[in-house]
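Trainee: Before I rely on the terms used for this chain, could we go through them one at a time and set each value against its definition?

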Amino acid sequence: MGIATFTSLGLSPALAQACTSAGFAAPSPIQAQAIPALLLGRDLLGLAPTGSGKTAAFALPLLQRLAAGPQRFPRRVRVLVLVPTRELAAQVGDVFLSLGRSAARRLKVEVVHGGVSINPQMMALRGGADVVVATPGRLLDLLDHNALRLDSVESLVLDEADRLLDLGFAAERDRVLAALPAQRQNLLFSATFPPEVQALADSLLRDAVRVEAASQVEAIPEIEHRAIAVDAGRRTELLRHLVAQQRRWQRMLVFVATRYATEHVTRKLVARGVHAAALHGQMSQSQRTSVLQDLREGAVSVVVTTDLAARGIDVPGLDMVVNYDLPRSPADYVHRVGRTARAGLRGVAVSFVSAATDAHMRLIEQQNTLRLVREQVAGFEPVELQPPVRPDAGSGGIKGKRPSKKDKLRAAAAKLAGGG
Ligand code: ADP
Ligand code: MG
């Protein structure tokens, strides 16, 4: 393919200009492949790595189709975007607003999600909206209140589709689908797409274009994957050590397994003067929103979170993702580490591995075709993994020829200390 431009893909000069204003020099591969098909109204399954610009890949052509259609009052919801988390809903809504700003006709974009009072959302939906970005639960509440109608939806987008096709969302999703007209455009986007959800995709999509930019983590050379062997009980100290090596402006996202751990680890960091904050699902929505905003603005440099923040969240300049607790599944690994190295920038993904979790890490590596040496950091060498020290073993390299294991570990630690 030659060098595509946004206009050569069929987008209007106004939208191409909006891309320039957003700092997009050229379409990303998923954008180049998806936009022409979506402008034609095709269904689409879009698989592309984290941080590759999937949001604009659907927002741009849908905005163009919205601008072309007839205007009706009250407005009818013509585009419905479903996302799994509130934070992602807000973020996707912002992309529609900023790229659509230049449109000749003002488009109305409404973001609806739980955790905030429903009344303002009901008010906002009076008179309709062109685009609704929603989490499924709140959307259903609004339908139950007759606050909006979905019978004019022309395009349905499932972002983070495999998550939305998950069992957890199944009942809500099916009720939403039942409220939609049968005749519509369907778009599914994700960075991971386990085979189990293929059947659901098949039932949803008609004559779909399948755009599959290499979607594995190995297709993101900008992510430097690392695994550090450390005893579970020393992870917080090691984290503090890593934070201390960070440069001032750097930002870090730390994933832990539980809400309790987000708060516990955050407290320990804050006690050492680190600008850290916890982010989890039991916090109030205004707290959740302000934590992410603080991270984006640099008021906070470390956010300790659960898998709540694993999907879709785009924080430009996030340099490092730490798996303090390992993710449950290899796909979760992809999404977590994909919060860094976005839009071609570099990032480091560090996983803490203990004797007890080493086998699980190997599984994650295997599924993602990664092979990571277990680094050790000086002062944090795991006791559980250390081979028994033989009294006759010297501390230097063997006969000065090949570097000993210890030398390698030291080199790895030094590399880490140098920062990435
Ligand atoms: P994905 O959904 O694929 O994970 P996003 O849509 O969140 O990725 O985009 C990731 C980042 O890349 C965002 O900050 C976005 O503004 C930026 N971006 C999107 N398209 C382009 C482009 N064509 N050129 C440069 N940056 C882009
Ligand atoms: Mg996305």
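Mentor: Let us start with empty space: on a 1 Å grid over the protein atoms alone, a cavity is a set of points where a 1.4 Å probe fits but cannot get out, whereas a pocket is an open set with protein on both sides within 12 Å along at least five of seven lines, and lining residues have an atom within 4 Å of a point. This is a predicted model, in which local features need pLDDT of at least 70 and side-chain atom pairs count only at pLDDT 80 or more, while totals for chains, interfaces and linings use all residues. Residues are numbered from 1 along each chain as its sequence is written, chains are lettered from A and ligands numbered from 1 in the order in which they are written, and side-chain values use heavy atoms, with hydrogens and water left out.

Trainee: Which residues line the second largest cavity?

Mentor: The structure holds two cavities of 30 Å³ or more, and the lining of the second largest consists of L62, R65, L66, R78, V79, E154 and S155. Its space is about 30 Å³, where grid points are joined across faces, edges and corners and a volume is the space filled by probe spheres set on the points. Helix α3 (residues 54–68) gives the most to this lining, with three residues; helices (H or I, at least four residues) and strands (E, at least two) are DSSP runs, numbered from the N terminus.

Trainee: Why is S155 called buried?

Mentor: Buried means under 20% relative accessible area, exposed over 50%, and partly exposed in between (1.4 Å probe, protein chains only); S155 has a relative accessible area of 4%, so S155 counts as buried. S155 lies in strand β5 (residues 155–159), and the C-alpha atoms of S155 and Q185, 30 residues apart along the chain, are separated by 4.5 Å. Contact means heavy atoms within 4.5 Å, and S155 touches L62, R78, V79, L80 and Q185, not counting residues up to four places away in sequence.

Trainee: What makes the rings of F58 and F96 a pair, and why is the pair called tilted?

Mentor: The structure holds four aromatic pairs. Rings of Phe, Tyr and Trp (its six-membered ring) pair if their centres lie within 6.5 Å, and planes under 30 degrees apart count as stacked, over 60 as edge-to-face and the rest as tilted. The centres of F58 and F96 are 6.2 Å apart and their planes stand at 45 degrees, so this pair is tilted. It links distant parts of the chain, F58 in helix α3 and F96 in helix α4 (residues 86–100), 38 residues apart. Both F58 and F96 are buried, and together with F189 they form one aromatic cluster.

Trainee: How do you know that the pair of Y324 and F352 ties together separate parts of the sequence?

Mentor: Y324 and F352 form a tilted aromatic pair, with 6.1 Å centre to centre and 50 degrees between the planes. Y324 lies in the loop between β12 (318–323) and α13 (330–337) and F352 in strand β13 (residues 347–353), so the pair ties together parts that are 28 residues apart in sequence. Y324 is buried, as is F352.

Trainee: From which domains does the second largest pocket draw its lining?

Mentor: Domain bounds come from an automatic or database domain assignment, which gives domain 1 (13–212) and domain 2 (217–375). The pocket holds about 860 Å³ of space, and its lining draws at least three residues from each of domain 1 and domain 2.
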